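Here's a short set of exercises on a protein model with a bound ligand. Grab your viewer and try each task before you read its solution.

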Amino acid sequence: MVRAVVGANWGDEGKGKITDMLAEKSDIIVRFQGGSNAGHTIVNDYGKFALHILPSGIFYSHTTCVIGNGVAFNVSDFFKEINDVVSSGVPKPRILISDRAQIVMPYHIMFDTYEEERLAGKSFGSTKSGIAPFYSDKYSKIGFQVSELFDEETLVEKVNRVCELKNIMIEHLYHKEPVNKDELIKTLHEYRDMVEPYVCDTALFLQNAIKEGKTILLEGQLGTLKDPDFGIYPMVTSSHTLAAYGAIGAGIPPYEIKDIITVVKAYSSAVGAGEFVSEIFGDEADELRRRGGDGGEFGATTGRPRRMGWFDCVATKYGCRMQGATQVAFTVLDVLGYLDEIPVCVGYEIDGRVTKDFPVTCKLKKAKPVYEILPGWKSDIRGISKYEDLPENCRKYIEFIEKEIGVRITMVSNGPARHDIIFR
Ligand code: GDP
């Protein structure tokens with residue numbers, strides 16, 4: 001049985017918490033896209049962790065975690081994170097790395113930084129983790145697969161060939177120091193020795209696990225609105241954030257993904273640039289940011305303040321539809337307990353017409369939010385474990401949104417910890 005846990009919005013919906021919780025009853029947790037550019041924050045019995053590249057299932061001794069072939073694999077971040085969790089008392093996790101995953105090279109990170117510098121005010125708000133240069137190279141067929149680390153002849157030939165190209169760009173476009181080939185080969189040899197114990201054909205491993213009836217979780221990074229095809233292009237990430245991509249990024253048949261748990265946050269937040277129709281500003285935004293998430297809405301990787309907004313039914317309905325959501329986990333609802341009234345965006349006005357269908361970016365730029373105002377519940381809902389015990393206005397908020405987005409909300413998260421969850 002394969003399930004995906006994915007985001008309906010701009011990311012930071014609380015997928016990490018939901019994955020950590022569901023991992024308790026899962027055998028295998030797989031990262032299938034993205035890299036160490038976004039973070040999942042997890043609070044459990046071992047403490048509070050910000051994971052970037054490790055799957056959020058590493059906290060149990062019965063699970064195996066997989067870095068799938070679709071991931072932008074940053075070797076040094078991976079080992080740093082393992083060391084961090086193990087030194088916090090978490091038992092050494094069982095992890096497998098796909099022999100077909102590709103490696104984030106040191107020059108990918110350099111290119112990301114140089115390009116953001118070059119674009120200055122017009123930059124994409126990249127986290128400078130090398131993700132865009134990494135995926136560009138993957139599809140330009142000059143990326144480095146983990147398997148190639150173990151074939152010296154191919155490796156050296158490729159380093160020579162790729163460095164020639166990279167150094168022309170570095171010298172003539174960015175006017176920086178060229179890449180030293182010998183140093184790069186040395187680094188790749190180090191990577192080879194570090195990853196060797198973990199590398200295997202993870203697609204085969206997962207397909208066998210499916211046959212044996214194991215429970216597998218695919219953990220998505222970011223959300224629908226950051227997908228390169230269906231998101232707010234060009235302000236998107238460089239790998240697909242949709243559950244459908246889980247089949248490719250993990251190497252399993254698409255029909256095996258039976259359940260798509262789409263994580264939806266009770267208000268909106270976004271990092272980086274790009275269209276955000278229900279965005280709010282000033283004191284109103286500051287207060288929500290300060291109260292949001294677990295200790296404020298600041299990026300888990302970058303520490304950047306997140307942009308804030310009211311719940312957007314148009315974006316979320318679309319976000320769920322493109323994921324193919326079978327159920328919704330509705331998170332961070334406890335944060336809204338301070339509000340007298342809660343605006344909810346129920347439509348976009350574009351050129352004088354109101355629509356509930358999320359449009360392409362050039363139309364989105366013109367969209368103005370149409371709000372409906374719902375009454376707040378003015379109380380703290382943390383600690384409540386039964387749906388019926390939630391205040392009436394809180395239940396009305398959930399049920400209103402459920403109707404607008406058209407997918408059943410089966411879980412309501414009312415706190416950052418593993419067991420702060422209400423099943424419906
Ligand atoms: P992810 O990338 O989707 O895993 O999300 P992040 O970890 O970036 O952001 C979610 C933030 O909200 C983290 O700080 C979580 O600890 C926190 N969080 C998750 N669920 C809840 C919840 O129900 N209530 C509160 N207050 N915080 C939550």
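How many nonpolar, polar and charged residues does the shell around the ligand have? Keep in mind that this is a predicted model.

**Exercise 1. Sort the shell around the ligand by class, then find where its residues come from.**

Solution.
- Step 1: Select what surrounds the ligand, using a heavy-atom cut-off of within 4 Å. You should get 20 residues, with K15, G16, H40, T41 and S413 as the closest.
- Step 2: Sort them by class. The shell around the ligand splits into 3 nonpolar, 9 polar and 8 charged residues.
- Step 3: Map the shell onto the helices and strands. Two elements, α1 (15–23) and β3 (40–44), give two or more residues to the shell around the ligand.
- Step 4: Pick the top contributor. That's α1, whose 3 residues are the largest share of the shell around the ligand.

**Exercise 2. Find polar atoms of the protein that pair with oxygen atoms of the ligand, and work out how much of the ligand is covered.**

Solution.
- Step 1: Look for N or O pairs within 3.5 Å. Start with side chains: H40 puts a polar side-chain atom 2.7 Å from an oxygen atom of the ligand.
- Step 2: Now try the backbone. At G14, a polar backbone atom is 2.9 Å from an oxygen atom of the ligand.
- Step 3: Move on to V332, where a backbone N or O atom lies 3.0 Å from an oxygen atom of the ligand.
- Step 4: Check the cover. On its own the ligand has 580 Å² of accessible area, and the protein covers 97% of that.

**Exercise 3. Which pocket does the ligand sit in? Describe that pocket.**

Solution.
- Step 1: Place the ligand. It sits in the second largest pocket.
- Step 2: Get the volume. The second largest pocket holds about 510 Å³ of space.
- Step 3: List the lining. There are 29 residues lining the second largest pocket, and G14, T41, G293, D294 and R306 are the closest to its centre.
- Step 4: Assign elements. α1, β3 and β4 (47–51) give two or more residues to the lining of the second largest pocket, and β3 gives the most, with 4 residues.
- Step 5: Sort by class. You'll find 7 nonpolar, 11 polar and 11 charged residues in the lining of the second largest pocket.

**Exercise 4. Do the job again for the largest pocket.**

Solution.
- Step 1: The volume comes out at about 890 Å³ for the largest pocket.
- Step 2: Its lining has 41 residues, and the closest to the centre are D112, S126, A132, V236 and S238.
- Step 3: At least two lining residues each come from α3 (106–119), α4 (131–139) and α5 (152–174). With 6 residues, α3 gives the most to the lining of the largest pocket.
- Step 4: By class, the lining of the largest pocket has 19 nonpolar, 13 polar and 9 charged residues.

**Exercise 5. Scan the backbone for unusual geometry.**

Solution.
- Step 1: Recall the usual picture: most residues other than glycine have a negative phi, and most peptide bonds are trans.
- Step 2: Check omega. The Y233 to P234 peptide bond is cis, with omega near 5 degrees, and P234 is in the loop between β10 (216–223) and α8 (243–250).
- Step 3: Check phi. D12 isn't a glycine, yet its phi is positive, at about 60 degrees. You'll find D12 in the loop between β1 (2–7) and α1.

How values were computed
Residues numbered from 1 in each chain as written. Predicted model: local features only at pLDDT ≥ 70, side-chain atom pairs only at ≥ 80, totals over all residues. Heavy atoms only, no water. Polar contact = N/O pair within 3.5 Å; in protein donor to acceptor, adjacent residues only side chain to side chain. Areas by Shrake-Rupley, 256 points an atom, 1.4 Å probe, with all protein chains shown as cover. 1 Å grid on protein atoms, 1.4 Å probe; cavity = no way out; pocket = protein on both sides within 12 Å on 5 of 7 lines; lining within 4 Å. Sits in = over half its atoms within 2 Å of the grid points. Nonpolar A, V, L, I, M, F, W, Y, C, P; charged D, E, K, R; others polar. Points joined across faces, edges and corners; volume = space filled by probe spheres on them.
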